[in-house]
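Colleague: I'm new to reading models like this one. Could you take a close look at a single part with me, and explain the terms as you go?

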Amino acid sequence: MSAEILTEEFEVLESIYPTELSIVSDREIQIDVEPDEAIDGDHPFKLQLSVHYPDAYPDCLPHLTLVAIEGELEDTEHETLLESLTEVGEENVGMAMTFTLVSHLREQMASLVRKRADQLMAEETEKERLAIEAEEARTRGTPVTVESFKGWKIKFDREMAQRKAKDEEEKLRALSPRDREEWKRATTRPTGRQLFERNKNLEHDDDSFVEEGTVSVDISQYDRSQLRAHEDDDDDGVHFSDSD
């Protein structure tokens, strides 16, 4: 290697990278390299390229090493960058190549930053999608099936029966003993529906059981006060005796 050729190359590099270049020895330099495009200030990225020149340079490749100064550099990223620098160096064997290598490295670093940004955006988009799906599933609830509805209905009816029994128990406590007995008798009387079903069944019985001269009464022709008056008259005027 001609010392004069390497000295001239160092002088050119110093003029291009006045603050980034450090001359370690007459055969080794270090250059701080950043991407050739502006990046997010929250994620700085800077590498240090060390170049060691063998005696046969520029007719052979220099020895290159990369170290992250700012930011992180994954092993796979480190290997990819060095392989790319080697390919460019092989294309420039026989001439001064340091500037070309640094320029290429800056381009590759910018490409790497864009790739990282795209990957980060994709991850954030995926997180947002999963969050939306989780929220929709939470608000949508579990799909109703016949089995799940039957289970819910049984549970609902049991809870309503328990609540009704509790309410009735509280009402009974507030009543006097006499009113409590009256309330119990009233609740044990047949309901209107039960009476209707009973009368409906009687319609199918033999008509021979109806005595001659029996008068049919349309109860719908009476109002409540009239019905109550008839009931009172029946209670006062009818007496049963065992003497007959």
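What follows is a walk around one residue, Ile 29, and its surroundings.

Modeller: Sure, but some ground rules come first. This is a predicted model, so local features need pLDDT of at least 70, side-chain atom pairs count only at pLDDT 80 or more, and totals for chains, interfaces and linings use all residues. Residues are numbered from 1 along each chain as its sequence is written, and side-chain values use heavy atoms, with hydrogens and water left out.

Let's start with the core. Ile 29 belongs to the largest nonpolar core, which has 27 residues. A nonpolar core is a set of buried Ala, Val, Leu, Ile, Met, Phe, Trp, Tyr and Cys residues joined through side-chain atoms within 4.5 Å. Buried means under 20% relative accessible area, exposed means over 50%, and partly exposed is in between (1.4 Å probe, protein chains only). Ile 29, Leu 49, Tyr 53 and Leu 105 touch the most other members. Among the elements that give two or more residues to this core are strand S2 (28-33), strand S3 (46-52) and helix H3 (98-140). H3 gives the largest share, six residues. Helices (H or I, at least four residues) and strands (E, at least two) are DSSP runs, numbered from the N terminus.

So what does Ile 29 touch? Leaving aside residues up to four places away in sequence, its contacts include Phe 10, Leu 13, Leu 49, Val 51, Tyr 53 and Thr 98. Contact here means heavy atoms within 4.5 Å. Ser 22 is on that list too, and Ser 22 has Gln 30 in S2 as its bridge partner.

That takes us to the strand pairing. Strand S1 (residues 21-25) and S2 run antiparallel, joined by four bridges; strands pair if DSSP finds at least two bridges between them. Together S1 and S2 form a hairpin, with two residues between them.

Now look at the loop of that hairpin. Arg 27 sits in the loop between S1 and S2, and Asp 55 in the loop between S3 and S4. Their side chains meet in a salt bridge (2.4 Å, N to O), meaning a side-chain nitrogen of Lys or Arg within 4 Å of a carboxyl oxygen of Asp or Glu. The pair is 28 residues apart, so it links distant parts of the chain. Arg 27 is partly exposed at 34% relative accessible area, and Asp 55 is partly exposed at 41%. By this rule the count comes to five salt bridges.
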